[in-house]
Amino acid sequence: MFGCGWVVTLVTVLFMPEEQIWFGVLTLIGSCMLLMVPLEKLLRHVPVGVGLAASAALFTLLRNVNQGTLGFEDWTLGTVPEGLYRNLLTAYIGFPPPDFFSTDYFSLLPWLFLFLAGHFLRRLLAGPMERLDPTRSGVRPCVPWAGSPCRYICSTSR
């Protein structure tokens, strides 16, 4: 995903500069997935409820950080120091400079915390979702061959 995001950036910057994409959704998802490799070892020790609440709270607090404020939509708690908004690296993190432009922009802040909220939500629902697995209950799917290619692809990618 991360690599695909950079291919999209390269193509749009070179061939469609009026619609260039810097740090789009593919780059964000790839970045979050890469960050989860080291974070997973730490996050597994965080209680699910605490992790979900903290991730949701941090997402809410940082939702407007790209515009220079802390808060969510029209709800503003304060401002972020202007010195953080400098270049492409700070834009990737969540602090775009004033002249920054992208038609699809998803910085690490605040969106990493929404990704983490999803991680904790998956952990919270892992037990109930496992009970819904038709292969565990003995229920046969109506189209038995439909899931086989997906199961093969998923099992070989792990």
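These exercises walk through a predicted model of one protein, each with a worked solution.

Residues are numbered from 1 along each chain as its sequence is written. In this predicted model, local features need pLDDT of at least 70, side-chain atom pairs count only at pLDDT 80 or more, totals for chains, interfaces and linings use all residues, and side-chain values use heavy atoms, with hydrogens and water left out.

**Exercise 1. The overall plan**

Task: State how many helices and strands the protein has, and give their pattern along the sequence.

Solution.
- Start with the rule. Helices (H or I, at least four residues) and strands (E, at least two) are DSSP runs, numbered from the N terminus.
- Count them. The protein has 7 helices and 2 strands.
- Read along the sequence. The pattern is α-α-α-β-β-α-α-α-α.
- Add burial. Buried means under 20% relative accessible area, exposed means over 50%, and partly exposed is in between (1.4 Å probe, protein chains only). Of the 158 residues, 30% count as buried.
- Add contacts. A contact means heavy atoms within 4.5 Å. Take the contacts with a separation of 6 or more: residues 24 or more positions apart account for 54% of them.

**Exercise 2. Two helices that meet**

Task: Describe how the axes of α1 and α2 are placed, and list the residues that make the contact.

Solution.
- Know what to look for. Two packed helices are described by the angle between their axes and the distance between the axes.
- Know how axes are drawn. They are lines fitted to C-alpha atoms, for helices over the stretch in contact, and angles run from 0 to 180 degrees between N-to-C directions.
- Find the helices. Helix α1 covers residues 2–15, and helix α2 covers residues 25–43.
- Give the values. The two axes come within 7 Å and cross at roughly 155 degrees.
- Classify the angle. Under 35 degrees counts as roughly parallel, over 145 as roughly antiparallel, 65 to 115 as roughly perpendicular, and the rest as oblique. So α1 and α2 are roughly antiparallel to each other.
- Give the hand. A crossing is left-handed if the near helix is turned anticlockwise from the far one by less than a right angle, and right-handed if clockwise. The crossing of α1 and α2 is left-handed.
- List the residues. From α1 come Phe2, Cys4, Gly5, Trp6 and Val8. From α2 come Leu26, Thr27, Gly30, Ser31 and Leu34.
- Sort them by class. Ala, Val, Leu, Ile, Met, Phe, Trp, Tyr, Cys and Pro count as nonpolar, Asp, Glu, Lys and Arg as charged, and the others, Gly among them, as polar. The contact has 6 nonpolar, 4 polar and no charged residues.

**Exercise 3. The hairpin**

Task: Work out how β1 and β2 pair, and say which residues of β1 are on its covered face.

Solution.
- Find the strands. β1 covers residues 69–72, and β2 covers residues 75–79.
- Check the pairing. Two strands pair if DSSP finds at least two bridges between them. β1 and β2 pair in the antiparallel sense over 4 bridges.
- Match residues. Leu70 stands opposite Gly78, and Gly71 has Thr76 as its bridge partner.
- Split the faces. In a regular strand the side chains alternate between the two faces of the sheet. Thr69 and Gly71 form the covered face of β1, while Leu70 and Phe72 form the uncovered one.
- Look at the turn. The two strands form a hairpin with 2 residues between them. Glu73 has a positive phi of about 50 degrees although it is not a glycine. Glu73 counts as partly exposed, at 46% relative accessibility.

**Exercise 4. Single residues**

Task: For Phe23, Val48 and Thr90, decide whether each is buried or exposed.

Solution.
- Take Phe23. It sits in the loop between α1 and α2. Its phi is positive, near 55 degrees. Phe23 is buried, with a relative accessible area of 4%.
- Take Val48. It lies in helix α3 (residues 48–62). Val48 is buried at 18%. Leaving aside neighbours within four places in sequence, it contacts Phe120, Arg123 and Leu124. Val48 and Phe120 are 72 residues apart in sequence, yet 5.6 Å apart in space, C-alpha to C-alpha.
- Take Thr90. It is in helix α4 (residues 88–93). Thr90 is buried at 14%. It touches Leu84, Tyr85, Phe95 and Pro96, not counting residues up to four places away in sequence.

**Exercise 5. A cis bond**

Task: Say which two residues are joined by a cis peptide bond.

Solution.
- Name the pair. The bond joins Leu109 and Pro110, with omega about 10 degrees.
- Place it. Pro110 is in helix α5 (residues 108–131).
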